[in-house]
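Me: Please take a close look at one part of this model and describe it in plain terms. I would like one connected answer.

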Amino acid sequence: MAIGPLAGAAVLGLVVGSFLNVVAHRLPRGESLIAPGSACPHCGHRLRAWENLPVISYLLLGGRCRECGRGIALTYPLTEATTAVLTGVTAAALGPTPSLAPALVFTWWLIALARIDLDLRILPDRLTLPLAGAGFLLSLIGLWFPALSPEVGPGMPGPVDSLLGLAVGYGLLFGAAWAYGRATGREGLGGGDLKLLGAQGAWLGPVAVLLALFLAALLGSVIGGLILLFRGGDRHLAIPFGPFLAAGGWALFLWKAELIRWYFGLSGLSG
Ligand SMILES: [Zn+2]
């Protein structure tokens, strides 16, 4: 992909990332996403346009509110930067195809969910349930727009596979959570995790959603292990699973065929 469109995608990602900050802050609190404009969470100072530029304002202001001087959480510019990078990667992976629009929506939705889970340890139904609905709806639209079908790009599963994916994603994690609870007497996975994997199943189909869970668990073990190694602490320190699920589902949506091939090579099931 040429550098021009890629830069455009990154700038779009910055702007969307700024909106995802608003979503992550207000949606769990049941506040309006549109009005009022952004304000400092400490003193209520209403941000001028130049104070509200993604990443740039954070740097210009030295990470502090201009009015009260209190620190602005690093998660704000990090969300914007992450959204810019992932938007660029998604655009580069798919190019200007019909799949790009739903892929970007999927990407941004997952970023909002991951951010909220990191902040508050919840995955709100108000985001996971519409994500499942959108996946199924797109699988229906795919019937009429073959460019969205699995043969082109990462594509969408058909409606039957979409429903199967939903059932497998939700049911599988439900079984795992139940077994984990029985074995350890602890709650390891929340209901939000089940709904998120189910929603991803509606976008991925039954096979890819299994692999998404595998990737999420793999990532979670590696990163969780590193955190334990460098920071020590309680073995049961709850690291939210949502961001790992989001990462696994996102990777599967973009590189479904490649990852499935990689997995079957890994498990020695293919010659
Ligand atoms: Zn302030």
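Reply: What follows deals with the place where the two domains meet, and then with the metal site.

This is a predicted model, in which local features need pLDDT of at least 70 and side-chain atom pairs count only at pLDDT 80 or more, while totals for chains, interfaces and linings use all residues. Residues are numbered from 1 along each chain as its sequence is written, and side-chain values use heavy atoms, with hydrogens and water left out.

The protein chain is assigned domain 1 (1-96) and domain 2 (124-271); such bounds come from an automatic or database domain assignment. To the contact (heavy atoms within 4.5 Å), domain 1 gives 7 residues and domain 2 gives 7 residues.

Between them the domains bury about 650 Å², with 83% of it on carbon and sulfur atoms. Buried area is the accessible area (1.4 Å probe) that two parts lose on being put together, summed over both. On the side of domain 1 that touches domain 2, there are 5 nonpolar, 2 polar and no charged residues; Ala, Val, Leu, Ile, Met, Phe, Trp, Tyr, Cys and Pro count as nonpolar, Asp, Glu, Lys and Arg as charged, and the others, Gly among them, as polar.

The zinc ion is coordinated by Cys40 (SG), Cys43 (SG), Cys65 (SG) and Cys68 (SG), at 2.3 Å. Donors are N, O and S atoms within 2.8 Å of the metal (3.2 Å for Na, K and Ca), and water is not among the atoms, so sites may look incomplete. In sequence, the donor residues follow the spacing C-x2-C-x21-C-x2-C.
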